[in-house]
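Morning, everyone. Please have a look at the structure on the screen, and I will talk through a few parts of it.

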Amino acid sequence: MSSTHHHSGLSLTGRRWVLPETQATPELTGVPGFLGSILMRRGVTDETALKRYLSPSLASLDDPLTIADMDHAVARLLVAIREQQPCVVFGDYDVDGVTSTALLTSFLSAVGARVSYYIPDRRQEGYGLNANAVRELAPGAKLLITVDCGITAVPEIELARSLGLDVIVVDHHQPGPTLPQANANLDPHRSDCHYPFKELCAAGVAFLLAAALRRALRDDGAFAKGNEPDLREYLDLVALATVADMVPLKGTNRTFVTAGLKRIADATRLGLRALMEVAEIVPAQVTATDLGFKLGPRVNARGRVGNATEAVELLLTHDPRRAKQLAVELDQANRQRRSLEGQTVEAAVVKVETEGLLSPAGLVVADPSWHPGVLGLVATRLVARFHRPTTMVGRWWQRFWTHL
């Protein structure tokens, strides 16, 4: 806060800072008082929490079996692996969905499962599990695993079950009043979920599923010949999703990102190495800011202006030339997205200012020519400009984004 504006409580940009009330600053060894106050607001109130905050360790992760239904999910996956039943990972088209899909597809394949993946087309299918996709997938699969979606897909999962599919939901969104009739609903926001940390992204939940399944397979002697997957190989994906999905960087998420950044710095995943090259990131110097503002948008862009299946392929490929080609395509998609976003922002601002759309209650702006893939981004821009809750309506009026 600027000392010039201290008397009015305003920042240099004219915003008023409202800080949460805290108790007395905690006595943390070697920490100055003002830093102690900041840390306390982030939930760091004792020496143990301080150590975990400053030096996050994977050894501090909580038991994944405390997630509600985790035991059911693991048991069903063990059957699928043992009986070689075809499984499909159905993921959302954003960074969290893409990375979760890549993580589970790669891990399940590594432990001997028959697995494929499916990413819906944003423009044709919209968000989440949909009935047409369920009908398309049902004849060739026995187990459907939804990632970053599914916790509110009650009718779609009922349809899947009626068509003979078993279903595991891996999600982190708020559940509705009724949970789907899935074999397992993994979501830390379930009221009966005892996992201590609730703010995971979907890739974080997927990682914990992989950890629980690996433990069960180890107990069954599946790795007697030494072919046990190293879960650290997937932390680059979890870190990218955690930052890009803007979940709080504290607790378990901070642990994931710290470990994941080290993995990304090693540049062992061909797709991320190629993507860092086109984004002009030096792997050894990669930061969380790079994940949020350089890598994340490029992975996201494919789902916004095309089909995100290629983004999953980028994260899974072992072919250097294919990785380079896909990274260039994602970079081009991001440029296209930025151009579309800029044009739509300009057009929306003109509409607001010339058509008298601004009201104290909020802002609703519509144009059938606008691309649905950028409406959420444009709504965020309009909120920042006009300081109003904003609803954007574009092509296919039934798909719209609201920012409060």
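I will go through one helix and then some ring contacts, and please keep in mind that this is a predicted model.

Let's start with helix H9, which runs over residues 235-244. How many of its ten residues are buried? Nine are, so mostly covered is a fair description, given that buried here means under 20% relative accessible area. The buried ones are Leu-235, Asp-236, Leu-237, Val-238, Ala-239, Leu-240, Ala-241, Thr-242 and Val-243.

What covers them? The cover includes helices H4, H8, H10, H11, H12 and H13. Just after H9, Met-246 has a positive phi of about 60°.

Now the rings. There are three aromatic pairs, and I will show two. In one, Phe-90 and Tyr-118 are stacked, with 5.4 Å from centre to centre and 20° between the planes. That pair links distant parts of the chain: Phe-90 is in strand S1 and Tyr-118 in strand S2, 28 residues apart. Phe-90 is buried, at 0% relative accessible area, and Tyr-118 is buried too, at 15%.

The other pair is Phe-107 with Tyr-234. Their ring centres are 6.0 Å apart and the planes stand at 80°, so the pair is edge-to-face. Phe-107 belongs to helix H4, while Tyr-234 is in the loop between H8 and H9, 127 residues apart. Phe-107 is buried at 0%, and Tyr-234, at 4%, also counts as buried.

One last item: where does Arg-254 lie? Arg-254 is over the face of Tyr-53, 3.7 Å from the ring centre.

Conventions
Residues numbered from 1 in each chain as written. Predicted model: local features only at pLDDT ≥ 70, side-chain atom pairs only at ≥ 80, totals over all residues. Heavy atoms only, no water. Buried < 20%, exposed > 50% of the residue type's maximum accessible area, 1.4 Å probe, protein only. Helix = DSSP H or I, 4+ residues; strand = E, 2+ residues; numbered from the N terminus. Contact = heavy atoms within 4.5 Å. Phe/Tyr/Trp six-rings, centres within 6.5 Å; stacked < 30°, edge-to-face > 60°. Lys NZ or Arg CZ within 6 Å of the ring centre and 35° of its normal.
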